[in-house]
Amino acid sequence: PEEMLPRNVSCHIATEDGSRGAHCLVTGILPEFIGWADQLVACGPANMYHPVARQNDSLPAPKPFHISLEERMGCGFGVCCGCSVLTTRGIKKICSDGPVFDYYEVSW
């Protein structure tokens, strides 16, 4: 919740239906903030991450970019390997090794 964030942290929200924050996809507000942000954090569908990464990569000094992967999980404990994802560090299980990963470490 925003009220639990430290005062020096700025949180900007965008919702596709306009129910909260800006009425657009997050990629719509990103150009306004990406220049001064110290890092990028995103949660949503995987196809949303690529436009964010392209904007980040266009910066003189790209920011750290962490994503929360959404995946159906058979067991949720790392036993079934149903939520495995290939990364630069090998195969990782979203349920037990994540769900947050560095975007640039995930093999797309």
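Let's start at the largest pocket, which has a volume of about 1000 Å³. A pocket here is an open set of points on a 1 Å grid over the protein atoms alone, where a 1.4 Å probe fits, with protein on both sides within 12 Å along at least five of seven lines. Its volume is the space filled by probe spheres set on the points, with grid points joined across faces, edges and corners.

Before you click on, know that this is a predicted model: local features need pLDDT of at least 70, side-chain atom pairs count only at pLDDT 80 or more, and totals for chains, interfaces and linings use all residues. Residues are numbered from 1 along each chain as its sequence is written, and side-chain values use heavy atoms, leaving out hydrogens and water.

**Stop 1: the pocket lining**

Select Cys11, His12, Val26, Leu40 and Val41, which lie nearest the centre of the largest pocket among its 31 lining residues. Lining residues have an atom within 4 Å of a point. Now colour helix H1 (26-33), strand E3 (40-43), helix H2 (46-57) and strand E4 (65-68): each gives the lining at least two residues. Helices (H or I, at least four residues) and strands (E, at least two) are DSSP runs, numbered from the N terminus.

What is the lining made of: nonpolar, polar or charged residues? It has 23 nonpolar, 6 polar and 2 charged ones. Ala, Val, Leu, Ile, Met, Phe, Trp, Tyr, Cys and Pro count as nonpolar, Asp, Glu, Lys and Arg as charged, and the others, Gly among them, as polar.

**Stop 2: helix H1**

Stay on H1 and pick Ile29, Leu30 and Phe33, which are buried. Look down the axis of H1: its buried residues fall within an arc of 125 degrees, so they line one face of the helix. The arc is that of the directions from the helix axis to the C-beta atoms. Buried means under 20% relative accessible area, exposed over 50%, and partly exposed in between (1.4 Å probe, protein chains only).

Swing round to the other side of H1 to find Gly28, Pro31 and Glu32 exposed. What covers the buried residues of H1? The cover includes strand E1 (14-15), strand E2 (22-23), E3 and H2.

**Stop 3: the aromatic rings**

Show the aromatic side chains: the structure holds 7 aromatic pairs. Rings of Phe, Tyr and Trp (its six-membered ring) pair if their centres lie within 6.5 Å; planes under 30 degrees apart count as stacked, over 60 as edge-to-face and the rest as tilted.

One of the pairs is Tyr49 with Trp108, tilted, at 6.3 Å centre to centre and 55 degrees between the planes. Tyr49 sits in helix H2 and Trp108 in the segment after strand E7 (100-102), so the pair ties together parts that are 59 residues apart in sequence. Tyr49 is buried, at 1% relative accessible area, while Trp108 is partly exposed at 48%.

Next, select Tyr103 and Tyr104, an edge-to-face pair at 5.1 Å centre to centre with 90 degrees between the planes. Tyr103 is buried at 10%, and Tyr104 is partly exposed at 36%. Add Phe65 to these four residues and you have one aromatic cluster of Tyr49, Phe65, Tyr103, Tyr104 and Trp108.

**Stop 4: Leu59, then zoom out**

Go to Leu59, in the loop between H2 and E4. Leu59 is buried, with 17% relative accessible area. Its C-alpha atom is 7.7 Å from that of Gly35, 24 residues apart along the chain.

Finally, show the whole chain, with its 3 helices and 7 strands. From the N terminus on, they run β-β-α-β-α-β-β-β-α-β.

Technical notes
Contact = heavy atoms within 4.5 Å.
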